[in-house]
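Dear colleague,

Please find below the structure that I am handing over to you, followed by a short account of what was found in it. I would be grateful if you kept the model open while reading.

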Amino acid sequence: MTSQGHFRDEAAGSEELKFHWCSPLDSGQQKASEKYLTGQLDFDGIVDFAREADELGVDSLLMGISYHMPDPLPMIGALVRETKNVKFILAYRPGLLSPTLFAQVVNTVSWMSDSRISLNLVAGISPVEQGYYGDFLAHDDRYARSNEFLDILHRFWRDEKPITFTGQHYRVEDAQIGLGFKGGGRPTIYISGASEVAQKTATEYGDCWLRYGDTPEGIARVTEPLLAQDCRVGIRMHVLSRDTREEALAELAEMMRNPDEDHKAWVKDFVAKSDSAAVKTSFELADKAEGDWLSPMLWSGAVAYRGGPALCVVGSHQEVADYLYQYKAAGVSEFIFSGWPTRDEMRNFYTRVLPLIREHERNA
């Protein structure tokens, strides 16, 4: 891809695309247009979901973080003992734990899981929600704090000790922990966000910049600076495929029947109070769609109910596989998907769509 956003000539390179899935830390959503299910935790169901993901060959399960969901850390601690191969991407926010304690916790899980833990560090998307946790930093200051947090973490994982650090947001003196990351390495680090400061954090401290979706052409226009600095690009979005396009569209229509308009209004209010560039731009993108379609394959109708991750690739199994493969040419190397209902769509994707994508890669 050139700086003008053209697709890369080497797009069909030898490395396979990675496909992760988002674990339902609440009780899961059956429809895109219903309100969040809160106030309950079906832990047995989540264990069963993770076991099936393990059997299907899911690369990693994203364990999200939000005030309305259970905390992902204890969940991962339990799930790594219930699975064999699937990895877990821990979403967490700097500011909740000290970097020393956080490194200690992550290292502990690495030994419990044979290193099957990665990190998705999120600076925060809502000043209101941050305030629930006693955090009142502005947007750019949260990323400055993230940089200090990650600087200290990297020093731990380089086995520097003792560590003394004095910054604007963190201070540690002669810090050390006895248990390193298993194997002597460190977890893969995903950095979320659409702002310039988020991208800078991703290139300086992360392995993969994780963003919400767009068309392959839209993604291609923004990936070059990240790729030039050896930072991978990943997309968080939804997918819906059926045997035929007609079946997929019928499923989409049924899923949006009798939408919860009160929830839509709640989401609109939440977005209005958000200071996240990723959140704002995803809604602006959806507003520009003609009849809720950004392209013949990319549907935005659920964004108003579910937020930026709800941008959804819709079509037959073959159409979805063909379209997703186009993102490889745009510089994307990883996806984190969800679906409605998410367990059914996960099974559908890994058994019906993924083999077609692998066929693309073998024939490249």
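A residue is called buried under 20% relative accessible area, exposed over 50%, and partly exposed in between. Because the relative accessible area of Y67 is 34%, this residue counts as partly exposed. Please note that the model is a predicted one.

Y67 sits in the loop that runs between β2 (60-63) and α2 (72-79). Together with L96, V128, Y132, Y133 and W266, Y67 makes a nonpolar surface patch of about 560 Å².

Two residues other than glycine deserve a look for their backbone angles. S115, in the loop between α3 (99-113) and β4 (117-121), has a positive phi, near 70 degrees. Its relative accessible area is 25%, so S115 is partly exposed. For N258, phi is also positive, near 55 degrees; this residue belongs to the loop between α8 (245-255) and α9 (261-273). N258 reaches 60% relative accessibility and therefore counts as exposed.

Finally, there are cis peptide bonds to inspect. One joins K161 and P162, with omega at about -5 degrees, and P162 is placed in the loop between α5 (139-157) and β5 (163-166). Another links W340 to P341, where omega is about -20 degrees. The loop that holds P341 lies between β13 (332-338) and α13 (342-363).

With kind regards

Terms used:
Residues are numbered from 1 along each chain as its sequence is written. This is a predicted model: local features need pLDDT of at least 70, side-chain atom pairs count only at pLDDT 80 or more; totals for chains, interfaces and linings use all residues. Side-chain values use heavy atoms; hydrogens and water are left out. Patches are made of residues with over 30% relative accessible area and no salt bridge: like charges are joined within 9 Å, nonpolar side chains (Val, Leu, Ile, Met, Phe, Trp, Tyr) within 5 Å. Accessible areas come from the Shrake-Rupley method with a 1.4 Å probe; for residues, only the protein chains shown count as cover. A salt bridge is a side-chain nitrogen of Lys or Arg within 4 Å of a carboxyl oxygen of Asp or Glu. Helices (H or I, at least four residues) and strands (E, at least two) are DSSP runs, numbered from the N terminus. Buried means under 20% relative accessible area, exposed over 50%, partly exposed in between (1.4 Å probe, protein chains only).
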